[in-house]
Every structure is written in C-alpha cells, then in structure tokens.
Amino acid sequence: MLDRGFHFDQPLWFLGLLLIPPVAIWLARSAAQAARAPIHRYADPHLLPHLTGTRDLSAPERWGRFLRWSLLWTLLLTAMAGPRWDYTDLRLFHPGNNLLVLLDVSRSMLAEDVSPNRLGRARQELQDLIVQNRQVRLGLIVFATVPHVLAPITEDTTSLLNALPALSADLASPGLQGSSLTRALMRAENLLAGLPEESARAVLLISDGDFDEPGLREQVSRLAEQGVRLHVLGVGTASGATVPAPQGGVIVDPSDPQRQPVRSVLNEALLEGLAQAGGGLYRRADYRDGDTQAILEAATVSRLPPEASDARTRIWNERYWLLVLLVGALLLPQFRELARRPARRPTDQQSARSPSPNA
C-alpha cells in the first residue's frame, strides 16, 4: 500500500532555486560598482539624490527586497512542484463499456417549453450522466446539420465537464437550419468501428426529434446488427414552443402566407421508434436521476471478463492552490502601494525647457 504522506508531483521545479545565489552575487557586485561610480567624485553621498533625482537603496533595504522576492520565487516554485497529500482510490472504468453521446444543438433545441430551454435541460442531463458514471467510457458528438466530434471515447470525464458550458446552438454551421441525424449516426459508426467487437458499444441520442429524414430506422437497425445499441433521451413537451431566430424574434414558416411562427414539439413517437429499432431504451428527460441511471445500466453490458474492472487508480489531492493564495496575499501590499503612489509630475527644470504655447 502506498504511503499517504506529503510529497511533490514535479520536484524538478526546485532546480529553479539555483537561480537565487547568482542573483545575490550580481546584486552585491552591482552595489559595489555603484559605490565606485565616477559620479561620487563630484558630490557627497547625501547630496547625490538632489543631483540625480533618484535615491540609492541602503544595504538593508536592498537585501530586504531581495529576501522578499526570493521568498515569493520559492513559493511559486513550490506550487509548480505540485505539493500533494491524501488520496482517493477510484475503480477504473470497465474497458468494455463505451457510450457515445449524440447531442442535438439545432435551433429547435432553444425552444423554451422546458426550463430554461431544451438545450439547457440536455446539458443538465449530460452533466448528470458524467457525474454518476463509474463504469462507462464516454464520447460526445454535437450535431445540427453537420456533426462535430467534441470528445472521442475517453475516460477523461473532467474534459467533458469543462466542455459543457460551451455547448450552444452557435456550434451549428451558420446559415443552415435543421438537424441531420443521418450524418451524426454515420460519424458515430466510424468512431465506434475501432473498438473491440466483444466490448459493449452504445449510442445515446439526446434530442427533441425535430427532424424528418428517410431511412433512419433502417440505419439504426443496421447499427444494432453490428452490436451498437441506440438509447434515446427525449427533450421537450408534446405542446411544444416557438423556435427563436438567430437575429431575434422567432422563426416563421416561409411557405405560410400568414407568416405564422414555427412551433416545434417533442416527436416522442419517432424517438421511441428509433430506440426500439436500435434495441435500446427511451426515456423522457427530467430532473430526476432515474432516466440517467437506466441509460448507464443499459450501457454496462460488456461481454469482457468482470475481473477486468477490479483495478483501481489513485487520485491525489493537489494542494498547490494554498501556495498560490499565499503568494497573492504577500503581493497585495505591493499593489496597494502602487495604487497609492501619486503620478509623477514634470520638474521645474523640465517645465522651463518646454516651449510656451504663447512663444
């Protein structure tokens, strides 16, 4: 069993401490050379500030500043070295369970028949899926007219969580309306093709079903024959809502003489049919955990040996931020001093040299 004791993740950063002695030597030599400067032949030391307009630091002041900045440098290097103690043991993901999420980011997902809107609800469902997941490797594809791979199948759930705030309808290609599930399924098929056939491969579609494409059931059935199951989370309501336009207002039907707003509804029949053809589950998205748990349980059906998931990984608690806060607290008086320092004004001599505007 590994020790829980204090240690550094990157101790080579401490090599930066070797810079402190050369700086001290340079500081001592520069002070000695300044004391022997030719200007000392023309005035006594206590008169030099009046002659040059600057004041040389005394030895205690100079070395006090050096020690203060040496302390800050040491603290920064210590933070970069990664101090850590205490850890958490986590069970490794089962290598045979893979779930690729297809998230619809078309304009219809901005309808507000659910709070805050369909896309916001979908992001919440995806966050719950990531947080509750312990056995499935996840990937993410967002799609409207064109699919975009945001993350291939990975165990790095942190990167997926960091990507959630950026998920918006702006990711769709400008000028193109609607969504193409056909292209998204083809992209998912290519990503999953490189995984072992004995592993569990599944696709989770999060959408309102607001698309009309021929041959979707046949495409999903063909994926199911290859061992790729399709699960579906429906987002929206049967009553539906209007679709916001990119320039403001709502999208209207150009074929309607009365220019009525386009109203998007949850196409639950289509989504249920796709889940049935793909051998998966259909759930309507809500704020409860039941739908997420059901999807995760359905995705963990790998035929690999169960002992493959007995391995554990150790996650250490990083403490570098404590030193960063300490450095910030030590630098705060310096910023206050700069803020209180009055702005320099031109000296009388400089004013005398400046030409008068009336000259």
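**Aromatic cluster, salt bridges and helices**

F8 has a relative accessible area of 25% and is therefore partly exposed, since that value falls between the limits of 20% for buried and 50% for exposed residues. The ring of F8 pairs with that of F14: the ring centres are 4.9 Å apart and the planes meet at 85°, so the contact is classed as edge-to-face. F14 is likewise partly exposed, because its relative accessible area is 24%. These values, like those that follow, are computed from a predicted model.

The wider set of ring contacts comes next. The count of aromatic pairs comes to 4. In one of them, the rings of F6 and F8 have centres 4.9 Å apart and planes at 80°; an angle over 60° counts as edge-to-face, so this pair belongs to that class. Ring pairs join F6, F8, F14 and W85 into a cluster.

W85 also offers a way into the part of the chain around helix α3. The unreviewed UniProt entry lists residues 12-32 and 66-85 under "transmembrane region". In the model, the span 66-85 is 75% helix and 15% strand, and its end C-alpha atoms lie 31 Å apart. Helix α3 itself covers residues 59-80. Does its length agree with what its number of residues predicts, or disagree? With 22 residues and 1.5 Å a residue, α3 should span 32 Å, and its end C-alpha atoms are 31 Å apart, so the two agree. Within α3, the buried residues include F66, S70, L72, L75, L77, T78 and A79. An α-helix has 3.6 residues a turn, so residues three or four places apart point the same way. Just after α3, G82 adopts a positive phi of about 80°.

The chain then enters strand β2, residues 83-91, where D86 is found. Side chains of opposite charge can pair when their charged atoms come close. A search of the whole structure finds 7 salt bridges. One of them joins D86 to R319, with the closest N and O atoms 3.6 Å apart. This pair links distant parts of the chain, for R319 sits in the loop between β11 (312-318) and α10, 233 residues away from D86. D86 is partly exposed, because its relative accessible area is 32%. Salt bridges also link D9, R84 and E318 into a network.

Helix α10, residues 320-340, contains V324. Is V324 buried, partly exposed or exposed? With a relative accessibility of 44%, V324 counts as partly exposed. V324 also contributes to a nonpolar surface patch with Y320, W321, L322 and L325, and the accessible area of these residues together is about 490 Å².

A further region of interest lies between β3 (97-104) and α4 (118-132), where the connecting loop holds P116. The peptide bond from S115 to P116 is cis, its omega being near -5°. D113 forms a salt bridge with R118, the closest N and O atoms being 2.8 Å apart. Both partners, D113 and R118, are buried.

Another salt bridge brings together the side chains of R284 and E268, at 2.6 Å from N to O. R284 lies in strand β10 (residues 282-284) and E268 in helix α8 (residues 268-277), so the contact ties together parts that are 16 residues apart in sequence. R284 is partly exposed, because its relative accessibility is 37%. E268 falls in the class of partly exposed residues as well, since its relative accessible area is 22%.

The chain before α8 provides further contacts in space. L266 occupies the loop between β9 (263-264) and α8, and its relative accessible area of 7% means that L266 is buried. L266 and R284 are 18 residues apart in sequence, and their C-alpha atoms are separated by 9.6 Å. S264 belongs to strand β9, and a relative accessible area of 2% places S264 among the buried residues. The C-alpha atoms of S264 and V243 lie 6.7 Å apart, although 21 residues separate the two along the chain.

Key: Residues numbered from 1 in each chain as written. Predicted model: local features only at pLDDT ≥ 70, side-chain atom pairs only at ≥ 80, totals over all residues. Heavy atoms only, no water. Patch = residues over 30% accessible without salt bridge, like charges linked within 9 Å, V, L, I, M, F, W, Y side chains within 5 Å. Areas by Shrake-Rupley, 256 points an atom, 1.4 Å probe, with all protein chains shown as cover. Salt bridge = Lys/Arg side-chain N within 4 Å of Asp/Glu carboxyl O. Helix = DSSP H or I, 4+ residues; strand = E, 2+ residues; numbered from the N terminus. Buried < 20%, exposed > 50% of the residue type's maximum accessible area, 1.4 Å probe, protein only. Expected span 1.5 Å × (residues − 1). Phe/Tyr/Trp six-rings, centres within 6.5 Å; stacked < 30°, edge-to-face > 60°. UniProt positions renumbered as here; feature names shortened; annotations may be inferred.
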